[in-house]
Amino acid sequence: IKEEAVQVKVSAEAAPVITVTEVKANVSMPEAAAKAAATGADGVGLLRTEHLMLTAGIHPGKFIADGREDELIDTIAENVMIVADEFYPKPVWYRTLDAPTDEFITLEGGENEPEEHNPMLGWRGIRRELDQPEILKCEFKAIKKLHEKGYTNIGIMIPLSQSPEELKQAKSLCSEIGLEPHKDVDFGMMVEIPAAALTIEDYIDVGIDFVSLGTNDLTQYTLAVDRNNEYVAKHYSEEHPAVMKLIEMTIKKCVEAGVKCSICGQAGSVPRIVEKLVEFGITSVSSNTDAIAEVRKTVARAEQKIILDAARKRLE
Ligand code: PEP
Ligand code: MG
């Protein structure tokens with residue numbers, strides 16, 4: 001054991017950085033996919049769709065209202081295909097639309113968006129998509145189209161869920177359009193609301209292939225700190241013990257149930273936090289492209305520490 005431990009240490013220092021925990025990329029624009037893939041990332045842990053919609057300049061609801069559903073489906077499919085292609089066969093988790101109303105309002109056809117006092121606590125993520133299932137269905141149809149073309153590496157990730165019922169409804173909409181969750185496509189969710197972290201077992205009972213911790217939102221909702229409000233910015237801390245407790249609980253419950261657990265919030269680029277995530281048993285860490293190399297090194301160090309500690313314990 002001692003020899004093996006020494007061997008692990010030597011190879012971790014000399015060889016290219018290899019980790020058991022996967023290190024993935026967050027991608028917001030298809031044009032950025034090639035650069036992200038070139039880092040050797042193990043997949044895309046968060047493909048944001050909002051920017052894609054925002055650059056299209058037209059409100060997704062306007063496509064539907066104008067009877068241009070097919071155009072919306074094609075726009076989504078074409079853009080997602082660029083990312084799925086760069087990473088194939090590595091997994092790409094497509095996050096369904098999650099733009100707050102104050103961003104949608106700027107788009108052509110966005111004049112009917114409600115003006116909310118606090119968009120961050122408002123009509124966004126899966127709660128909005130279930131109120132407007134036509135948009136969500138277009139997204140699922142786009143993924144189905146790609147699946148039929150052979151892009152079997154795309155997973156669907158549901159944002160901002162506060163109850164397992166939402167996940168159930170999203171899954172049945174997906175089956176309804178002919179794409180079977182878990183069979184044709186991996187189906188997962190983000191944990192961004194404390195309610196989801198606290199009831200993660202109930203989601204696991206409904207059936208999920210993976211979970212990703214959206215710590216940007218999880219932090220704002222746990223600490224009641226609007227992430228866009230500069231007056232309370234000093235109170236925003238991902239390392240707050242309450243946030244860390246929710247993260248730890250979520251990861252451990254997922255590990256227990258054999259559900260993959262990842263992180264795609266900014267906390268996944270903070271070395272002190274990453275060390276803890278690896279200790280808790282996270283299966284992947286997804287970060288912005290520029291941070292991937294450093295995150296990989298931090299993950300490797302954390303894994304090495306676990307191996308050496310275990311070896312030392314057995315020697316004792
Ligand atoms: C998050 O909330 O951590 C997250 C990754 O989603 P977004 O930042 O896009 O809200
Ligand atoms: Mg979020």
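**Exercise 1. Which residues surround ligand 1, and which element gives the largest share of the shell?**

Step 1. Ligand 1 is surrounded by Leu46, Arg48, Glu192, Gly214, Thr215, Asn216, Asp217, Cys264 and Gly265. A residue counts as near if its C-beta atom, placed from the backbone, lies within 6 Å. This is a predicted model: local features need pLDDT of at least 70 and side-chain atom pairs count only at pLDDT 80 or more, while totals for chains, interfaces and linings use all residues. Residues are numbered from 1 along each chain as its sequence is written, and chains are lettered from A and ligands numbered from 1 in the order in which they are written.

Step 2. Helix 12 gives the largest share of the shell, 3 residues. Helices (H or I, at least four residues) and strands (E, at least two) are DSSP runs, numbered from the N terminus.

Step 3. Sort the shell by class: 2 nonpolar, 4 polar and 3 charged residues. Ala, Val, Leu, Ile, Met, Phe, Trp, Tyr, Cys and Pro count as nonpolar; Asp, Glu, Lys and Arg as charged; the others, Gly among them, as polar.

**Exercise 2. Describe how helix 12 packs on helix 13.**

Step 1. Helix 12 spans residues 215-223 and helix 13 residues 241-257. Their axes lie 9 Å apart, at an angle of about 130 degrees. Axes are lines fitted to C-alpha atoms, for helices over the stretch in contact; angles run from 0 to 180 degrees between N-to-C directions.

Step 2. The two helices are therefore oblique to each other. Under 35 degrees is roughly parallel, over 145 roughly antiparallel, 65 to 115 roughly perpendicular, and the rest oblique.

Step 3. List the contact: Thr215, Leu218, Thr219 and Thr222 of helix 12 meet Ala242, Val243, Leu246 and Ile247 of helix 13. Contact requires C-beta atoms, placed from the backbone, within 7 Å.

Step 4. These residues divide into 5 nonpolar, 3 polar and no charged.

**Exercise 3. Give the geometry and contact classes of helix 5 and helix 8.**

Step 1. The axes of helix 5 (residues 69-87) and helix 8 (residues 133-148) come within 8 Å and cross at roughly 50 degrees. That makes helix 5 oblique to helix 8.

Step 2. The contact includes Leu72, Ile76 and Val80 of helix 5, and Lys141, Ala142 and Lys145 of helix 8. By class it has 10 nonpolar, no polar and 4 charged residues.

**Exercise 4. What is the strand order of the barrel, and how do strands 5 and 6 pair?**

Step 1. The closed barrel of 8 strands runs 1-2-3-4-5-6-7-8, with parallel pairing. Pairing takes at least two DSSP bridges between two strands.

Step 2. Strand 5 (residues 187-191) and strand 6 (residues 210-213) pair in the parallel sense over 4 bridges. Val191 stands opposite Leu213 in strand 6.

Note on methods: Contact = placed C-beta atoms within 7 Å.
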